[in-house]
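Please look through the sequence and the model below before reading on, and keep both in view while the paragraphs lead you from one strand to its surroundings.

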Amino acid sequence: MLKKTLAVVCATFFAALAADHACAQGAMTDCSQLRASMTVQGYGKVEAQPDEAVLSFTASTQNKDAKVARSECEKQAALFIKAVKDSAGKDAAVDSGSITLQPRYVYDKKSQKQLLDGYTASRDIEVRTGKFDLIADLTEQAVASGITEVNGFSYRIKDESALKKQADEVAIADAKDKAERLAKGFGVKLLKPCQLSFGDARNEIMRPYNAKGARLMSVQADAMPEAAEYTPGTVSVESSVRAFFAFD
């Protein structure tokens with residue numbers, strides 16, 4: 001009976017020992033236990049031709065009377081929006097913000113105070129078009145409608161999701177390649193990745209602003225240049241990946 005008990009105790013002891021050994025082996029691939037690690041940064045970039053131009057304008061009027069300033073601004077914006085729809089039709093889309101009304105002040109030396117001198121009403125208008133040859137016409141229509149604040153334009157891709165995925169794939173492949181080359185160069189064995197993350201997508205999309213012939217602030221109707229040829233460059237969509245690898 002004693003021999004049988006000793007045999008059971010011994011068997012239990014060796015089983016526990018084997019389990020501890022197995023746990024120790026498993027810990028070698030456990031990211032929380034490993035001390036040897038490397039961090040690599042992968043980058044990806046995909047370029048494509050833009051398929052849309054975004055033009056920015058501001059209708060702005062000033063008047064001593066707040067109601068008059070607002071009304072004139074509304075008329076100016078409505079006239080331009082109608083001109084865009086009549087000339088471009090479905091080839092252009094218009095987005096207009098709400099009107100803002102700001103008081104204007106002047107400094108009176110006699111009283112040494114800021115005195116109310118009227119109001120400025122303004123309304124931002126954005127026009128989007130996939131036909132770049134309309135850019136000059138749309139700008140001229142804005143000026144003809146009384147809009148003197150032409151803020152410029154930018155090119156973009158309407159749906160960047162497919163390009164973003166491609167850039168992500170390039171960044172991931174770059175991170176893997178760097179990790180493998182680093183491990184090979186130092187003669188170590190690359191194990192599993194422990195932490196993976198993408199960079200901030202808001203900083204990864206770069207759009208060129210303006211183009212040859214773009215007009216900016218305070219454009220006068222009688223000073224408009226001849227129609228310029230707009231030749232957009234490529235739009236770059238970028239991605240970054242941060243990878244934390246364990247190695248042995």
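In strand β6, the bridge partner of F57 is V150, and this pair is a good place to begin. The model is a predicted one, in which local features need pLDDT of at least 70 and side-chain atom pairs count only at pLDDT 80 or more, while totals for chains, interfaces and linings use all residues. Residues are numbered from 1 along each chain as its sequence is written, and side-chain values use heavy atoms, with hydrogens and water left out.

The pair of F57 and V150 belongs to a longer pairing, since seven bridges join strand β2 (residues 52-63) to strand β6 (residues 149-156), and these two strands run antiparallel. Two strands are said to pair if DSSP finds at least two bridges between them, and strands themselves are DSSP runs (E, at least two residues), just as helices are DSSP runs (H or I, at least four residues), both numbered from the N terminus. Strand β2 also pairs with strand β5 (residues 113-129), again in the antiparallel sense, over 11 bridges, and in this pairing Q62 stands opposite T120 of β5. Nine of the 12 residues of β2 are buried, so the strand is largely enclosed by the rest of the structure; here buried means under 20% relative accessible area, exposed means over 50%, and partly exposed lies in between, with a 1.4 Å probe and protein chains only.

One residue of β2 deserves a closer look. A53 lies in this strand, and at 0% relative accessibility A53 counts as buried. Leaving aside residues up to four places away in sequence, A53 touches V127, R128, T129, F132, I135, S154 and Y155, where contact means heavy atoms within 4.5 Å. The C-alpha atoms of A53 and F132 are separated by 6.7 Å, although the two residues are 79 residues apart along the chain, and those of A53 and I135, 82 residues apart along the chain, are separated by 8.0 Å. F132 has its place in the loop between β5 and α3, and with a relative accessible area of 18% F132 is buried.

A residue in another loop offers a contrast. Q112 is found between β4 (100-108) and β5, and because its relative accessibility is 59%, Q112 counts as exposed. The phi angle of Q112 is near 55 degrees, which is a positive value in a residue other than glycine.

Helices can be followed in the model as well. Helix α2 (residues 66-88) and helix α3 (residues 135-144) pack at an angle of about 145 degrees, with their axes 9 Å apart; the axes are lines fitted to C-alpha atoms over the stretch in contact, and angles run from 0 to 180 degrees between N-to-C directions. Where the two helices meet, F80, A83, V84 and S87 of α2 touch L138, Q141 and A142 of α3. By class, this contact has five nonpolar, two polar and no charged residues.

Stepping back to the whole chain, one can count four helices and nine strands, and from the N terminus on these elements run α-β-β-α-β-β-β-α-β-α-β-β-β. Of the 248 residues of the chain, 30% count as buried. Among the contacts in the chain with a separation of 6 or more, 82% are between residues 24 or more positions apart, and the contact of A53 with F132 is one to trace in the model.

Methods: Nonpolar A, V, L, I, M, F, W, Y, C, P; charged D, E, K, R; others polar.
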